Amino acid sequence: MASTPNLAVRSGLGSTPFAARRIPVASHHCCYIARQFTRQTVRRWNLHSICDDAVQIASELVANAVRHGRPDTATADSEQAGVWLAFTLRPRTLLCVVRDPSRLSPRLSTPQPWAEHHRGLPIVNALSNTWGWTTAPQAQGKSVWARVALPAA
């Protein structure tokens with residue numbers, strides 16, 4: 001299967017919507033691209049009431065992946081440096097996943113009021129119902145995920 005920067009397909013989980021996009025880490029616009037993709041995806045799925053939270057979560061997770069997720073041996077344009085942003089709808093939540101090639105665990109810290117860094121995960125923690133990360137023993141990298149509750153029907 002050919003690699004594509006915008007892979008929006010239905011998963012093999014019945015009619016569960018799934019959308020994913022490779023984020024170009026060499027671009028200075030990587031967070032803008034993530035926000036646009038998130039906004040388009042969430043609106044297409046008629047989840048307008050959680051759009052702002054989903055956009056902020058995706059932007060923070062992508063910013064962390066681009067800043068901290070590239071292995072030292074990878075150049076910005078290499079396949080090793082690839083960051084992927086994906087969404088899927090679950091029964092009561094929107095799941096946002098960002099995959100990067102680093103195996104370093106994300107750390108939630110309390111930022112100092114005047115600090116310019118270390119605010120991403122506290123924002124994700126505040127806006128999501130739950131978040132975490134996973135690694136696969138056979139694969140390089142990690143996936144950081146966050147769940148946002150869907151509005152009551």
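So, Trp133: its relative accessible area is 38%, so I'm calling that residue partly exposed. Its ring partner is Trp131, and that one counts as buried because its relative accessibility is 15%, under the 20% cut-off. The two tryptophans make an aromatic pair, tilted, with 6.1 Å between the centres and 35° between the planes. Keep in mind that this is a predicted model.

Okay, how many aromatic pairs are there? The count is two. The other one is Phe37 with Phe87, also listed as tilted, at 6.2 Å centre to centre and 40° between the planes. What I like here is the sequence separation: Phe37 sits in helix α1, residues 30-44, Phe87 sits in strand β3, residues 83-89, and they're 50 residues apart, so to speak a link between distant parts of the chain. Both Phe37 and Phe87 are buried.

Let's stay around the tryptophans for a moment and look at Thr134. Thr134 is in strand β5, which runs over residues 130-135. Its relative accessible area is 41%, so partly exposed. Beyond its sequence neighbours up to four places away, Thr134 touches Lys142, Ser143 and Trp145. And if you measure across to Val144, ten residues along, the C-alpha atoms are 6.6 Å apart.

One of those contacts, Ser143, deserves its own look. Ser143 belongs to strand β6, residues 142-149. Is it buried or exposed? Buried, because its relative accessible area comes out at 13%. Its side chain makes a polar contact with the Arg99 side chain, at 3.5 Å. If you skip neighbours within four places, the contacts of Ser143 are Val97, Val98, Arg99, Gly132, Trp133 and Thr134. So there's our opening tryptophan again, Trp133, in contact with Ser143.

Moving along, there's Arg147, which lies over the face of Trp145, 5.8 Å from the ring centre. Arg147 has a second thing going on: its side chain is in polar contact with the side chain of Thr93, at 3.3 Å. Thr93 is in strand β4, residues 93-100. With a relative accessibility of 14%, Thr93 counts as buried. Which residues does Thr93 contact, leaving aside neighbours within four places? Thr88, Arg147, Val148, Ala149 and Leu150.

Three of those names come back when you look at Ile50. Ile50 touches Val42, Leu94, Val148, Ala149, Leu150 and Pro151, again not counting residues up to four places away. Ile50 is in the loop between α1 and α2, and yet that residue is buried, because its relative accessibility is 7%. For a distance check, the C-alpha atoms of Ile50 and Arg39, eleven residues apart along the chain, are separated by 9.9 Å.

In that loop you'll also find Asn46. Asn46 goes the other way on exposure: with a relative accessible area of 60%, it counts as exposed. Asn46 also has a positive phi, about 60°, although it isn't a glycine. That catches the eye because most residues other than glycine have a negative phi.

After the loop you get α2. That helix has 18 residues and reaches 26 Å from its first C-alpha to its last, close to the 26 Å expected at 1.5 Å a residue. A good list of α2 residues is buried, including Cys51, Ala54, Val55, Ile57, Leu61, Val62 and Val66. Glu60 is on that buried list too, and so is Ser59. What covers them? Among the elements over the buried residues of α2 are β2, α1, β3, β4, α3 and β6.

Last bit, confidence. Mean pLDDT for the protein is 82, with 77% of residues at 70 or more. Where is it lowest, and where is it highest? Lowest in strand β1, residues 6-10, with a mean of 42, and highest in α1, at 97. Over residues 1-13 the pLDDT stays under 50, and the model has 22 contacts beyond four places in sequence for that stretch. I'd leave those contacts alone, because where pLDDT is low, the predicted coordinates should not be read in detail.

Methods. Residues numbered from 1 in each chain as written. Predicted model: local features only at pLDDT ≥ 70, side-chain atom pairs only at ≥ 80, totals over all residues. Heavy atoms only, no water. Helix = DSSP H or I, 4+ residues; strand = E, 2+ residues; numbered from the N terminus. Buried < 20%, exposed > 50% of the residue type's maximum accessible area, 1.4 Å probe, protein only. Polar contact = N/O pair within 3.5 Å; in protein donor to acceptor, adjacent residues only side chain to side chain. Contact = heavy atoms within 4.5 Å. Phe/Tyr/Trp six-rings, centres within 6.5 Å; stacked < 30°, edge-to-face > 60°. Lys NZ or Arg CZ within 6 Å of the ring centre and 35° of its normal. Expected span 1.5 Å × (residues − 1). pLDDT = per-residue confidence, 0-100.
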